[in-house]
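Thanks for coming, everyone. I have a few minutes and one structure to walk you through. Let's put it on the screen.

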Amino acid sequence: MRTGKLVPIHRIYNRAIADELIARNIRLPFDMTRPWNVEWAGNPNWYFLISKYSIPWLSRKAGPDSVVPPAVFLDEFLEGDGRARLRSAGVEFAEAAGPETAYSNLLLKPLFSFAGKGIQFDPTQAELEQIPKERRRDYLLQQRMSFVPNIDTPCGMTQTEIRILYLWPDDGILTPVLPLVRLGRGKMMGVDHNRNQEWVGASAAFIEP
């Protein structure tokens with residue numbers, strides 16, 4: 001617009017995280033929720049639908065060799081068949097004997113958060129019940145997965161998480177294009193959980209074709 005000429009935008013690569021915008025009080029110069037006449041490379045709504053929200057639905061259909069961790073919505077765990085479904089998936093946890101009962105094999109996760117914010121380890125029955133009934137559908141209880149340290153670094157054995165970016169063009173096939181390796185020694189991966197440590201963070205990976 002500096003030259004006085006309007007330039008049309010046909011496609012937007014979206015990497016915005018809604019709760020980060022809210023936490024930092026960032027006001028965008030346009031409303032992301034409006035139906036703009038653009039093609040999104042990552043629609044803003046996909047983050048909410050394909051992130052943690054999908055895990056309980058995917059784990060319902062999971063077989064014995066599934067890589068999807070068993071998970072249920074919090075309201076299902078407290079008021080429905082969530083406990084039975086987790087047990088049938090092989091997840092071991094304590095019976096609810098009282099408010100102090102802790103679930104060491106489960107993680108309490110808010111659905112719409114980013115970078116591990118709000119995740120609670122070893123939640124107790126009292127902490128679960130403190131969440132208002134109308135908000136329990138916004139949380140899930142997921143089997144806690146244990147990272148195994150498998151890379152020897154100058155700072156000690158380090159655990160690894162591998163992520164792969166896929167491209168899936170219209171009428172095309174799902175194709176892996178970019179691997180990302182994250183290293184850490186904290187309870188979780190990510191910068192916030194591995195502060196003041198060396199030989200952690202993002203790294204590269206090479207995969208034979």
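**Aromatic pairs, a buried arginine and a surface patch**

Start with Trp57: at 39% relative accessibility, Trp57 counts as partly exposed. One caution before I go on: this is a predicted model.

Now look for the ring partner of Trp57. Tyr53 and Trp57 have ring centres 6.4 Å apart. Their planes sit at 55°, so we call this pair tilted. An angle of 55° is not over 60 degrees, so edge-to-face does not apply. And Tyr53 itself? Tyr53 is partly exposed too, at 28% relative accessible area. Add Phe73 to these two residues: Tyr53, Trp57 and Phe73 form one aromatic cluster.

Next, a second pair. How far apart are the ring centres of Phe77 and Tyr103, and at what angle are their planes? The centres are 5.3 Å apart and the planes are at 90°, so this pair is edge-to-face. Where do the two residues sit in the chain? Phe77 belongs to helix 4, residues 74-79. Tyr103 lies in the loop between helix 5 and strand 4, and strand 4 covers 106-110. The two residues are 26 residues apart, so the pair links distant parts of the chain.

Are Phe77 and Tyr103 buried or exposed? Phe77 has 1% relative accessibility, so Phe77 counts as buried. Tyr103 comes out at 0%, and is buried as well. The cut-off for buried is under 20%. In total, the count comes to seven aromatic pairs.

Let's move to a charged residue. Please find Arg85, in helix 5, residues 82-88. Is Arg85 buried or exposed? Its relative accessible area is 19%, which is under 20%, so Arg85 is buried.

Which side chains make polar contacts with the side chain of Arg85? One is the side chain of Glu76, at 3.2 Å. Another is the side chain of Asp81, at 3.0 Å. Now leave aside the neighbours within four places in sequence. Arg85 is then in contact with Arg60, Ala71, Val72 and Glu76. So Glu76 turns up both as a polar contact and in that contact list.

Last stop: the surface. Ile162, Ile164, Tyr166, Trp168, Leu174 and Ile207 form a nonpolar patch there. Together they have about 670 Å² of accessible area. Pick out Tyr166, one of the patch residues. Tyr166 is found in strand 8, residues 156-167. Its relative accessible area is 41%, so Tyr166 is partly exposed.

That's the tour. Questions, please.

How values were computed. Residues numbered from 1 in each chain as written. Predicted model: local features only at pLDDT ≥ 70, side-chain atom pairs only at ≥ 80, totals over all residues. Heavy atoms only, no water. Helix = DSSP H or I, 4+ residues; strand = E, 2+ residues; numbered from the N terminus. Buried < 20%, exposed > 50% of the residue type's maximum accessible area, 1.4 Å probe, protein only. Polar contact = N/O pair within 3.5 Å; in protein donor to acceptor, adjacent residues only side chain to side chain. Contact = heavy atoms within 4.5 Å. Patch = residues over 30% accessible without salt bridge, like charges linked within 9 Å, V, L, I, M, F, W, Y side chains within 5 Å. Areas by Shrake-Rupley, 256 points an atom, 1.4 Å probe, with all protein chains shown as cover. Salt bridge = Lys/Arg side-chain N within 4 Å of Asp/Glu carboxyl O. Phe/Tyr/Trp six-rings, centres within 6.5 Å; stacked < 30°, edge-to-face > 60°.
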